[in-house]
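Student: Could you take me closely through the sheet in this model, strand by strand, and then add a word on the cysteines?

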Amino acid sequence: MPDVVLKAEHVTKRFGGITALENAELELYKGEVHALVGANGAGKSTLIKIITGAYPKDEGEIYLDGKQIEVKSTFDAREKGISAVYQEFSLINTVSVAENIFMGKLLYNNLGPIPRADWKKMHEETQKILDSLGVINIKPETIVGRLSVAQKQMVEIAKALSNDLKVLIMDEPTASLSDNEIDNMFKIVKDLRAKGISIIYVSHRLEELPIICDRISVYRDGHYIKTLNIEDAPKSVIIENMVGKNMTQTEQVKCYTDEILLEAKNFSSGKKFQNINITLHKGEILGIAGLAGAGRTEFVRALFGADPKDSGQVFIEGKEVQIHSPRDAKKAGLGFITEDRKEEGLILSMNLHTNVGMAILDQLKKGLGLDLKKECVLMDEYIKSLSIKCRDGNQKAKALSGGNQQKVVIAKWLATKPKVLIMDEPTRGIDIGSKNQIYALMNDLAKQGIGIIMISSELPEVLQVANNIVVFAAGKITGSLENKDLTQDILLDYATSQKAV
């Protein structure tokens, strides 16, 4: 039998009257990569926060190396050899890599009567850890705010390795990475496994699990369902256990007309993108595909007036409109669901109806104040029509799962009654069940005549939903294609082309 490093038994957690986790189980072997999968709200995040000391458990036991432990805080967890790298990093952008890694555990020299922080030693130790990870493009003295997402993730892993690490929890580690960065991440995970470190791997990208994982534990509605060896867990079996039934995939619908809803002509912005021209029809879902850094997000942000452009015209229903700000865009009938719902899409500390109401303050004016009753009624309608899982509209946005937060962002923009809805990475970081709900919603909106521009880094998603696909590469459009008989290989060919159309 393999050595069991970490074991959780009968773990239960309640928030008020809601049970988030009940009798959960987990058994992690030494030197294995063990995936936790489940829909948003299945209990995965609650379990790992209990294991790392972020939440106290109400019932159950946790064992480390066969001994029962109480994890009192995240600091206590790190002392015991348990660290986590979350999707939202816990780094301080204004200080160096070495300062982040040794935060709270500075090394001191004993030269003289007063101990002083030994930065030379800490830089040396940081460099050793970076070298052990094979990282060559990060220096100990580099300010973290200057690093890319992938580099920050390396710093988080280095920070975990600076402790005597036994268990590393990785929460959606590839969600914001390009294909090359994902390959490098997989290499590092395999290297850590070879060193005997046990890894709990949380991901909604089911297709990557056979590449990296040894076993999979499935959770559903706050309950542990089962653990499977990776060879016994094809995607269909995982999905069936996640949702409790066979799930039918939402398919592309074609309901767009010849009526042109939006035209963008000759959009350029320095080196970000050059001479971009797109046409969107009424009821059309237009996919924008491309690799990281291709200029897709930069283009739609400029289209929406969130970022400046050097040149470009926008026509809505044949009439030119001047868009210099998001306010202009909203007035012209555009809505924009950004790729970062937590930073740009929602105010997490506010309740749901306030988040939605903020987008339509002009509609809520009543005398010298706002019609908050109308705001609450509207939110209740969206909770019902979008199947948002929440207590009610008074619940704070931060209390919802990722998929339900995304539905609130969509509700916010639907309240503005847009003609065109831009959706940048609309399903990033949400489970496959919620993804299909978002796809079905997009189809419903298209049937209502709304034009949708969807950016996605997941090519299967673009192929599943979009009617037509525009491919970006190095700031240019290299392909404008009808979604008929297309494959991922064809899209990748255009995404790596240097020839603009």
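Tutor: In this predicted model, 4 strands make up an open sheet whose order is E2-E1-E4-E5, with antiparallel pairing. At its edges lie strand E2, covering residues 18-29, and strand E5, covering residues 67-69, each of which pairs on one side only. Between neighbouring strands of this sheet the turn is 25° on average, with direction ignored.

Looking more closely at the E5 edge, strand E4, which spans residues 59-64, runs antiparallel to E5 and is joined to E5 by 3 bridges; within this pairing, Tyr63 has Gln68 of E5 as its bridge partner. Helix H1, formed by residues 44-51, packs on the sheet and touches E2, E4 and strand E1 (4-15), while the direction of H1 makes an angle of about 115° with that of E1.

As for the cysteines, the structure holds 0 disulfides. Cys376 takes part in no disulfide, and the cysteine sulfur nearest to its own, that of Cys390, is 12 Å away, whereas a disulfide would require the two sulfur atoms to be within 2.5 Å. Cys376 is partly exposed, its relative accessible area being 27%. Cys390 is likewise in no disulfide, with the sulfur of Cys376 as the nearest cysteine sulfur at 12 Å, and Cys390 is partly exposed as well, with a relative accessible area of 23%.

Technical notes
Residues are numbered from 1 along each chain as its sequence is written. This is a predicted model: local features need pLDDT of at least 70, side-chain atom pairs count only at pLDDT 80 or more; totals for chains, interfaces and linings use all residues. Side-chain values use heavy atoms; hydrogens and water are left out. Two strands pair if DSSP finds at least two bridges between them. Helices (H or I, at least four residues) and strands (E, at least two) are DSSP runs, numbered from the N terminus. Axes are lines fitted to C-alpha atoms, for helices over the stretch in contact, and angles run from 0 to 180 degrees between N-to-C directions. Contact means heavy atoms within 4.5 Å. Buried means under 20% relative accessible area, exposed over 50%, partly exposed in between (1.4 Å probe, protein chains only).
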